[in-house]
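Open the structure in your viewer and keep the selection panel within reach. The stops below say what to select next and what is there.

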Amino acid sequence: MRIKVLGTRGEIEESAPRHSRHSGLLLDGRLLFDLGEREFLGEKPERVFITHLHPDHAFFVIKPAPLGVPVFAPETRAGVPEVTVFPGEMSYGGYSILAIPTHHSLKVKSVAYLVEKGGRRLLYTGDMFWINKEYHPLLRRIDLVVTEASFLRRGGMIRRDRATGVAFGHAGVPNLVELFRRFTTDILLIHFGSWFYGDARTSRRTLAALGRQNGVNVRVGYDGYELDFGDLRKASHKS
Ligand SMILES: [Zn+2]
Ligand SMILES: [Zn+2]
């Protein structure tokens, strides 16, 4: 498997030359995870998988219109006939794809996608602050986790709905690294929040150091970043 990161910018005003596009992760030039920009359709993906219907992951929610490609998401969207509900798991073109529910928003459902092919395993999380423990056994021996970096500070930004007590928001990068280091040795960060943009060089160093402290390789994505799974160590030694 080979990935290409199409966008690394979170839902923010800030932008920088290599961090200007919203979320999109292309796998082997065939499968696209998240569709944060219309231009990503120019990659001609065979199928698109959306983590959640926020506009920085699904550009079409702002102005719904037909897309011309099969799109799977946790929910349908009026005005976009190609969007169907992802069935939970799917085999397609030699890939097995499993949706794992994540905690992120009160208004939209969200999932992470676990993709496996040829014995290599990729987890792409979208935005999140937690994955329920019952799903953790599914996350063993992952070669690469691609996750979000909206907030550098521990705790991120998690709020609670006053009426229901249900939490929503984003974990901090330290929390995500501590969660995923149990399942992988390689974490690729994308979806950068405002904190990243002031001094991107320092931000990259901070993230690499955080990885070292946690015994994992933290990679800092950028728009156009590519990685071949053949260049990763086999994820056999992590439970
Ligand atoms: Zn987002
Ligand atoms: Zn979101």
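Start by selecting leucine 189 and valine 220 of S15, which stand opposite each other. The model you are looking at is predicted. Leucine 189 and valine 220 are a good handle on two paired strands: strand S14 (residues 186–192) and S15 run parallel and are joined by four bridges.

**The sheet around S14 and S15**

Next, colour the whole sheet to which these strands belong. This open sheet has seven strands in the order S7-S8-S9-S10-S11-S14-S15, and its pairing is mixed. Its edges are strand S7 (89–92) and strand S15 (217–220), each of which pairs on one side only. From one strand to the next, the twist averages 20°.

Now add the helices. Select residues 173–180 for helix H1, which lies across strand S10 (120–124), strand S11 (144–149), S14 and S15. The direction of H1 is at about 165° to S11. Then select residues 200–213: this is helix H3, which packs on the sheet and touches S14 and S15. The direction of H3 makes about 160° with that of S15.

**Arginine 219**

Stay on strand S15 and select arginine 219. Is arginine 219 buried or exposed? Its relative accessible area is 18%, so arginine 219 counts as buried, the cut-off being under 20%. Show what surrounds the residue: leaving out residues up to four places away in sequence, arginine 219 touches Asp186, Ile187, Leu188, Leu189, Tyr225, Leu227 and Leu232.

**The second sheet**

Move to the other sheet. It is open, has seven strands in the order S6-S5-S4-S3-S2-S1-S16, and is mixed in its pairing. Strand S6 (83–85) and strand S16 (226–228) form the edges, each pairing on one side only. Neighbouring strands here are turned by 25° against each other on average, direction ignored.

Walk inwards from the S16 edge:

- Select lysine 4 and glutamate 226; glutamate 226 is in S16, and the two residues stand opposite each other. Strand S1 (residues 2–7) pairs with S16 in the antiparallel sense over three bridges.
- Select valine 5 and its bridge partner in S2, leucine 25. S1 and S2 run antiparallel and are joined by four bridges.
- Select leucine 26 and, opposite it in S3, leucine 32. Strand S2 (residues 24–27) and strand S3 (residues 31–33) are an antiparallel pair with three bridges.

**The zinc ions**

Select the zinc ion (ligand 1). Which residues supply its protein donors? They are Asp56 (OD), His57 (NE2), Asp127 (OD) and His191 (NE2), lying 2.1 to 2.2 Å from the ion. Along the sequence, the donor residues of this zinc ion are spaced D-H-x69-D-x63-H.

Why is the arrangement of the four donor atoms around the zinc ion (ligand 1) irregular? The angles they subtend run from 88 to 163°. A tetrahedral site would need all angles between 85 and 135 degrees, so the range found here falls outside that rule.

Add the zinc ion (ligand 2). Aspartate 127 bridges the two zinc ions, ligand 1 and ligand 2, which lie 3.6 Å apart. Histidine 57 is in the loop between strand S4 (47–49) and strand S5 (71–73), and aspartate 127 is in the loop between S10 and S11, so the pair ties together parts that are 70 residues apart in sequence. Both histidine 57 and aspartate 127 are buried.

**Aromatic rings**

Finish with the aromatic side chains, which make 13 pairs. Select phenylalanine 49 and phenylalanine 86: their ring centres are 5.9 Å apart and their planes are at 75°, so the pair is edge-to-face. Phenylalanine 49 lies in strand S4 and phenylalanine 86 in the loop between S6 and S7, so this pair ties together parts 37 residues apart in sequence. Phenylalanine 49 and phenylalanine 86 are both buried.

Then select tyrosine 222 and tyrosine 225. With ring centres 5.4 Å apart and planes at 85°, this pair is edge-to-face. Tyrosine 222 is partly exposed, at a relative accessible area of 25%, whereas tyrosine 225, at 10%, counts as buried.

For the last selection, show Phe33, Phe49, Phe72, Phe86, Tyr113 and Tyr124 together; they form one aromatic cluster.

Technical notes:
Residues numbered from 1 in each chain as written. Chains lettered and ligands numbered in written order. Predicted model: local features only at pLDDT ≥ 70, side-chain atom pairs only at ≥ 80, totals over all residues. Heavy atoms only, no water. Pairing = 2+ DSSP bridges. Axes fitted to C-alpha atoms, helices over the stretch in contact; angles between N-to-C directions. Contact = heavy atoms within 4.5 Å. Donors = N, O, S within 2.8 Å, 3.2 Å for Na, K, Ca; no water. Tetrahedral: all angles 85-135°; square planar, octahedral: opposite > 155°, others 65-115°. Buried < 20%, exposed > 50% of the residue type's maximum accessible area, 1.4 Å probe, protein only. Phe/Tyr/Trp six-rings, centres within 6.5 Å; stacked < 30°, edge-to-face > 60°.
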